[in-house]
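Visitor: I am new to this structure and would be grateful for a close look at its salt bridges. Please continue from there to whatever surrounds them.

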Amino acid sequence: MPVTVIVGAQWGDEGKGKVIDMLAERADAVVRFSGGDNAGHTVINSQGTFKLHLIPSGVFYPDCTCVIGNGVVVNPDIFVSERDELNSRGVNTDNVYISDRSHLVMPYHILLDGLEEAARGKKSLGTTLRGIGPAFADKVARMGIRAGDLMDRGILRTRLEYVLEYKNQILTKLYGKPAIDIDELYEICCGYAEQLKSNIRETSSLLNDMVDEGKSVILEGAQGALLDTDFGTYPYATSSSPLSAGGCLGAGIGPTRIDNVLGVFKAYCSRVGAGPFPTELLDATGNRIRDLAHEYGTTTGRPRRIGWFDGVGARFSARINGMTGMAITRLDILDSFDEIKVCTAYRLNGDLIQDFPAEPAVLNQCQPVYETLPGWRQSTTGITRLEDLPKQAREFVARLEELAGCTACYVCIGPVREQTIEVRPML
Ligand code: IMP
C-alpha cells in the first residue's frame with residue numbers, strides 16, 4: 001500500500017480538502033505536514049460542510065489515523081476549538097495526534113505577525129495574520145516552544161523564560177508595546193497542556209510502523225507550490241514548504257518511501273495576499289469566476305484574486321514536486337464560458353520564456369501568452385466518466401496535462417466527494 005503526497009500546485013486553495021476527503025476513504029492515515037492554521041480546507045460530505053484549518057481532512061473516517069506532523073505549527077486554541085466543533089457535530093477525534101516535535105503558535109507570534117505587517121506598510125505581504133511566519137522564524141532561530149515541551153512543566157517554564165526575555169525586548173523596545181507577563185503565559189500554556197495531553201505523542205515512529213505494515217498513508221499538503229519559501233514568489237511566500245519534499249520532512253517519512261505525488265490544480269488560478277500573479281484577471285471575467293466559484297478565503301474571508309490557468313507555473317510546480325499525477329478541480333466553474341484561456345508561456349522583454357522566474361519584480365514584468373480554447377457551454381455536474389465529458393472539456397483537460405507535463409488522475413466537477421471523475425485512480 002502506498003504513501004501518497006497530495007500537494008497544492010498553484011497558490012493554495014486548489015481544492016485539496018475535497019480531494020483528500022475523497023481519497024482518505026482508502027487511507028489508513030492522513031498527515032498534515034506543513035503550514036499551520038493559515039490553511040483552510042473546506043470539506044463537504046454527508047455530515048455537512050466543514051472548514052478545517054489544522055485537523056487533517058481524514059478525520060471524517062473513524063478508522064483513519066490523523067496526524068498533525070512535526071512540520072506544522074500548531075495554535076492550541078485553534079486546535080481545541082476545531083476539535084470541539086467536530087465533536088459537537090458528531091465527528092470523533094480520538095484518532096487525532098499532534099507530533100511532540102511540532103512547534104506551537106504562541107500568543108506573541110500572532111501579535112508580532114500583526115505588528116510586522118503594519119510595519120511593512122505598503123509593502124505588506126498580506127499574511128493571514130495567524131502568527132505563522134513568526135512561529136516558523138522562531139523554530140529556525142531555535143526559540144520555539146514545541147508541543148512536547150507542554151508535557152514537562154519544568155522544561156516548559158525554563159523555555160518560556162528564555163524566549164520571553166527576548167520577545168519582550170522586541171515588543172517593548174521596537175514596537176513600544178507592553179511586555180508579556182511570564183506567569184500569565186505559563187498559566188495559559190499549562191491550560192494548553194491539559195487540553196492537548198491526550199493528543200500529543202511521537203508520530204514519526206507511528207507512521208513509519210504503519211508504512212512497514214503495508215498501510216496506506218496520505219501526506220496532506222497545505223498552501224501551494226508557488227507559495228513555497230524557496231521556490232515560490234519569495235518574499236510573497238509562506239514560511240514552510242508546501243512541496244512533496246516538505247512532506248518527508250514534516251511527517252518524518254523518508255523520500256524512498258513515497259510512492260506517488262498528486263498535484264492539485266484548479267482549472268483556473270487564484271491567489272490571496274500580495275505578490276506577482278501573471279495571469280491575473282482584473283476584469284469582468286475575473287469577477288465572474290470569483291462569483292461563480294465563491295472564491296473568498298476560508299481562513300481570512302478575503303476575496304481571492306483570480307486568473308487563467310498558468311501553464312508556466314504548472315510545469316514548474318509539477319517538476320519541483322516530482323508529480324506522478326494531477327487532480328484538476330473546479331472544471332464545472334468554466335461550464336458556461338464561450339472561450340477559456342490558458343497561458344502557455346510568458347513574454348519578457350520581447351523573448352518567450354518557459355521557466356518560472358525567481359524574482360517577483362521580473363515575474364511582474366512577464367506578459368502571459370494565451371491560447372484560447374472553445375468552451376463546452378453545458379453542465380458537467382453529474383458526469384462520472386471522462387469519455388462522457390463534452391469534447392471541448394476533454395480537450396481542455398488534455399491541454400492542461402500537456403502544459404503541466406503530467407497525467408490527470410482525477411477531474412472534479414463539483415464540491416462533494418461523488419462529483420469526481422476518477423480517470424486513473426492513484427489509491
Ligand atoms: P502566512 O502563511 O500567513 O505567513 O501568509 C503568507 C502568504 O501565504 C500570504 O500571501 C497568504 O495569503 C498566503 N497563504 C497562507 N496560507 C494560505 C492558504 O492556505 N491558501 C492560500 N494562500 C495562503
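Guide: A salt bridge here is a side-chain nitrogen of Lys or Arg within 4 Å of a carboxyl oxygen of Asp or Glu. The model is predicted, and local features therefore need pLDDT of at least 70, side-chain atom pairs count only at pLDDT 80 or more, and totals for chains, interfaces and linings use all residues. Residues are numbered from 1 along each chain as its sequence is written, and side-chain values rest on heavy atoms, with hydrogens and water left out.

Under this rule, 28 salt bridges are found. One of them joins E194 to K197, whose closest N and O atoms are 2.8 Å apart. To describe how far a residue is covered, buried is used for under 20% relative accessible area, exposed for over 50%, and partly exposed for values in between (1.4 Å probe, protein chains only). On that scale E194 is partly exposed, at 46%, and K197 is likewise partly exposed, at 45%.

The pair D21 and R417 has its closest N and O atoms 2.6 Å apart. To place these residues, helices (H or I, at least four residues) and strands (E, at least two) are taken as DSSP runs, numbered from the N terminus. D21 belongs to helix α1 (residues 16-23) and R417 to the loop between β19 (408-412) and β20 (420-422), so this salt bridge ties together parts that are 396 residues apart in sequence. D21 is buried, with a relative accessible area of 1%; R417 is buried as well, at 17%.

In a third salt bridge, the side chains of D37 and R130 come to 2.6 Å, N to O. D37 lies in the loop between β2 and β3 (41-45), whereas R130 lies in the loop between α3 (107-120) and α4 (132-140), so parts that are 93 residues apart in sequence are tied together. Both D37 and R130 are buried. Salt bridges can also join into a network, as they do for D13, K266, E295, R304 and R330.

D37 leads to a neighbour, N75. Contact means heavy atoms within 4.5 Å. Leaving aside residues up to four places away in sequence, N75 touches D37, L54, V105 and I110. N75 itself sits in the loop between β6 (73-74) and α2 (76-88). At 7% relative accessibility, N75 counts as buried. A polar atom of its side chain lies 2.9 Å from the backbone nitrogen of D77.

R130 leads to the domains, whose bounds come from an automatic or database domain assignment. That assignment gives domain 1 (3-100 + 199-261), domain 2 (103-196) and domain 3 (265-422). The C-alpha centres of domain 2 and domain 3 lie 37 Å apart. Six residues from domain 2 and five residues from domain 3 take part in the contact. Buried area is the accessible area (1.4 Å probe) that two parts lose on being put together, summed over both. For domain 2 and domain 3 this comes to about 360 Å², with 49% of it on carbon and sulfur atoms. R130 appears here again: together with G126 and T128, R130 supplies 72% of the area that domain 2 buries against domain 3, more than any other three residues.

No salt bridge is found across the interface of domain 2 and domain 3; the count is zero. A polar contact is a pair of N or O atoms within 3.5 Å; within protein, one must be able to donate a hydrogen and the other to accept it, and residues adjacent in sequence count only if both atoms are side-chain atoms. Between domain 2 and domain 3, two residue pairs are in polar contact, both at pLDDT 80 or more.

The β2 strand that precedes the D37 loop is also among the elements covering the buried residues of α8, a list that includes β1 (3-8), α7 (204-212) and α10 (311-321). Helix α8 (residues 244-251) is largely enclosed by the rest of the structure, because six of its eight residues are buried. These are S244, G246, G247, C248, G250 and A251. Just after α8, G252 takes a positive phi of about 80°.
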